[in-house]
Amino acid sequence: MEKTWRWFGKKDRITLQMLRQIGVEGIVTALHDVPNGEVWTPEAIRDLKTYIEDAGLRWSVVESLPVSEAIKYGGDERDRLIDNYIASLANLGKAGIRTVCYNFMPVIDWIRTDLDYKLPDGSSTLFFSKEKFAYFDVFVLKRKNVEKDYTRDELNRLAKLNQSMTEAEKDRLIDTIIVKTQGFINGNIKEGDQNPVAIFNRLLSLYDGIDKDRLREHLRYFLNRIMPVCETYGIHMCIHPDDPPRQVLGLPRIVTGAEDIRWILDAVDNPHNGLTFCAGSLSSGAQNDVPAMARDFAGRTRFVHLRSTEILPNGDFIEAPHLEGRGHLIELVRIFENEDPHLPMRVDHGRLMLDDAGYNPGYAFHGRMYALAQIDGVMATIRQEG
Ligand code: DNO
């Protein structure tokens with residue numbers, strides 16, 4: 001597979017020169033400064049592409065070209081926003097960039113409750129606590145009708161937890177769940193926003209009455225509209241699974257497992273409608289057998305995220321070392337190497353280790369470099385085995 005790396009643009013502290021030294025071949029990035037819903041112009045695309053190529057690398061994948069909320073909930077501006085999306089795709093296609101990762105998660109992208117979960121060796125990783133997330137839902141968001149999503153037992157336990165939670169701990173949870181993990185991803189909520197909880201609740205209300213079937217239909221509508229431009233320029237759209245792959249906060253999620261992915265690929269049965277195989281997201285759903293899914297969907301996979309998780313008995317999950325856990329990355333590398341040795345792959349997330357500090361959560365330098373070296377070794381072994 002092609003070794004790619006998620007890089008956050010010219011302001012990223014990790015330079016392209018550093019990436020060349022560690023064996024990266026392709027760059028995964030986006031025009032992070034363009035507000036969600038606006039067209040990516042040919043000039044801005046060309047400028048970044050040239051910058052990457054001048055460093056001896058190539059812009060392999062766009063992650064992400066964000067899908068505006070109104071496209072997902074089917075608002076009045078949906079068609080105008082899809083027109084803009086099509087214009088951005090055409091501009092990318094003309095520049096020769098042909099792999100575009102996106103997601104269709106309403107309001108909130110990936111979810112963690114702890115970004116600095118200490119491990120015995122002194123490094124730290126990302127963690128999801130079911131109870132803390134439920135606490136956030138019930139006592140911080142105070143979501144409408146929230147009681148019906150939890151059992152009496154769970155609500156009692158949360159009420160007990162509430163007696164010991166300080167304001168500082170609540171603020172930290174808000175910062176972790178809806179600011180730090182989302183800010184650099186989709187622009188719904190950014191660092192410095194005055195009342196993130198109010199903004200977030202307003203966004204949630206846009207999905208009142210939208211269930212799984214409706215959201216699926218909105219995805220089908222979006223895909224049908226963008227397929228012609230993808231065919232013209234040979235662009236592969238690759239949808240990212242939901243992270244974690246389950247319903248959250250009363251919102252529908254439609255990329256949670258094999259049945260969902262099969263539905264999406266069949267609903268718009270076009271080779272340009274493809275998948276980002278994110279082993280980390282998929283492995284955090286107990287329902288998912290990750291290698292079996294890789295075998296099933298390899299033919300429609302256009303981009304691979306290599307990461308692993310471990311699910312704990314109480315339903316929490318932790319990001320595991322890359323060669324351990326439910327992701328079974330050694331087996332995945334074997335499957336995808338056989339399918340297409342040029343498939344772009346990036347190592348996803350990494351531990352915070354050595355002097356890693358101050359990076360976007362999950363995207364530190366040393367942790368990712370370490371994991372890339374591990375995967376590089378696995379790829380070399382598998383290639384040699386033939
Ligand atoms: C988090 C990422 C996701 C992913 C988007 C793709 O680390 O894997 O935010 O980039 O969902 O659209």
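**The ligand and its surroundings**

The largest cavity is the space that the ligand takes up. The structure shown here is a predicted model, and the ligand offers a convenient place to begin reading it.

Around the ligand stand 14 residues, and those that come nearest are Glu63, Ser64, Asp109, His349 and Tyr363. Sorted by class, this shell consists of 6 nonpolar, 4 polar and 4 charged residues.

Several side chains approach oxygen atoms of the ligand. For Glu63, one of the nearest residues, an N or O atom of the side chain is 2.5 Å from a ligand oxygen. Ser64 also belongs to the nearest group, and a side-chain N or O atom of Ser64 is 2.6 Å from an oxygen atom of the ligand. In the case of Asn103, the distance between a side-chain N or O atom and a ligand oxygen is 2.9 Å. The protein buries 100% of the 330 Å² that the ligand exposes when taken alone.

Attention may now turn from the ligand to the aromatic rings. Across the whole structure, a search finds 16 aromatic pairs. One of them is formed by Trp7 and Tyr51, whose rings are stacked, with 6.0 Å from centre to centre and 15° between the planes. This pair links distant parts of the chain, the two residues being 44 residues apart. Trp7 lies in the loop between strand S1 (2-6) and helix H1 (16-21), whereas Tyr51 belongs to helix H2 (residues 42-54).

Notes
Residues numbered from 1 in each chain as written. Predicted model: local features only at pLDDT ≥ 70, side-chain atom pairs only at ≥ 80, totals over all residues. Heavy atoms only, no water. Near = heavy atom within 4 Å. Polar contact = N/O pair within 3.5 Å; in protein donor to acceptor, adjacent residues only side chain to side chain. Areas by Shrake-Rupley, 256 points an atom, 1.4 Å probe, with all protein chains shown as cover. 1 Å grid on protein atoms, 1.4 Å probe; cavity = no way out; pocket = protein on both sides within 12 Å on 5 of 7 lines; lining within 4 Å. Sits in = over half its atoms within 2 Å of the grid points. Nonpolar A, V, L, I, M, F, W, Y, C, P; charged D, E, K, R; others polar. Phe/Tyr/Trp six-rings, centres within 6.5 Å; stacked < 30°, edge-to-face > 60°. Helix = DSSP H or I, 4+ residues; strand = E, 2+ residues; numbered from the N terminus.
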